[in-house]
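Here is a friendly note to read alongside the model. Take the points in order, and keep the 3D view open as you go.

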Amino acid sequence: MARAKQVIALVWSHVLLAELDDDDTIARYIDYTIVPDDHADPASGRYSESLPTGKALLGHVTGDYVETTIDGAHMRLLIQGVGAR
């Protein structure tokens, strides 16, 4: 049986993230679109590929765990979905 294809997070990908707390329960959901630096607009959920989180997400797929820093705070994230915007 063939394995299901997974979408890889790339620039222009829309990524649904679950922020996990210390006991790995979901604290909140984050909509995150990875964009080139000159298209970043955090108020619209478009974040630069050169930010720590953008770099951490690139190349990952749904179900992956990613550790990064957002606004100076260490976060553990679970990728809930990856798609095109």
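1. **A term to begin with.** A salt bridge is counted when a side-chain nitrogen of Lys or Arg lies within 4 Å of a carboxyl oxygen of Asp or Glu. With that rule, the structure holds four salt bridges. Please keep in mind that this is a predicted model.

2. **The overall plan.** Which elements should you look for? The chain has one helix and five strands. Their order along the sequence is β-β-β-α-β-β, so try tracing that pattern with your finger on the screen.

3. **Overall dimensions.** Why can the chain be called consistent with a compact globule? For 85 residues, such a globule would have a radius of gyration near 12 Å, and the value of 13 Å for this chain agrees with that. Along the principal axes, the C-alpha atoms fill a box of roughly 40 × 30 × 15 Å.

4. **Inside and outside.** How much of the chain is buried? Of its 85 residues, 35% count as buried. The chain exposes about 5,400 Å², and carbon and sulfur atoms supply 52% of that area.

5. **Contacts across the sequence.** Take the contacts between residues at least 6 apart in sequence: 39% of these join residues at least 24 apart. The next points give you some particular pairs to find.

6. **Charges.** The chain has 7 positive and 13 negative side chains. The centres of these two sets lie 9 Å apart.

7. **Arg-76 and Asp-24.** These two residues form a salt bridge, with their closest N and O atoms 3.0 Å apart. Arg-76 belongs to strand S5 (residues 73-84), while Asp-24 sits in the loop between strand S1 (13-20) and strand S2 (26-35), so the pair ties together parts that are 52 residues apart in sequence. Are the two partners buried or exposed? Arg-76 counts as partly exposed, because its relative accessibility is 26%. Asp-24 is also partly exposed, with a relative accessible area of 40%.

8. **A network around Arg-76.** Which residue joins Asp-24 and Arg-76 in a network of salt bridges? The third member is Glu-67. The side chains of Glu-67 and Arg-76 meet in a salt bridge at 3.6 Å, N to O. Glu-67 is partly exposed, with a relative accessible area of 47%.

9. **Another pair to find.** Arg-46 and Asp-41 also meet through their side chains in a salt bridge, at 3.9 Å from N to O. That value is accepted because the cut-off is 4 Å. Arg-46 is partly exposed at 33% relative accessible area, and Asp-41 counts as partly exposed at 27%.

10. **Ile-26 and its surroundings.** Finish with Ile-26, which lies in strand S2. Ile-26 is partly exposed, with a relative accessible area of 39%. What does Ile-26 contact, leaving aside its neighbours within four places in sequence? The answer is Ala-18, Glu-19 and Leu-20. You can also look for Leu-78: it is 52 residues from Ile-26 along the chain, and the C-alpha atoms of the two are separated by 8.8 Å.

Methods:
Residues are numbered from 1 along each chain as its sequence is written. This is a predicted model: local features need pLDDT of at least 70, side-chain atom pairs count only at pLDDT 80 or more; totals for chains, interfaces and linings use all residues. Side-chain values use heavy atoms; hydrogens and water are left out. Helices (H or I, at least four residues) and strands (E, at least two) are DSSP runs, numbered from the N terminus. The radius of gyration is taken over C-alpha atoms; the globule rule is 2.2 Å times the number of residues to the power 0.38. Buried means under 20% relative accessible area, exposed over 50%, partly exposed in between (1.4 Å probe, protein chains only). Contact means heavy atoms within 4.5 Å. Accessible areas come from the Shrake-Rupley method with a 1.4 Å probe; for residues, only the protein chains shown count as cover. Lys and Arg count as positive and Asp and Glu as negative; His and the chain ends are not counted. The place of a charge is taken as NZ of Lys, CZ of Arg, CG of Asp or CD of Glu.
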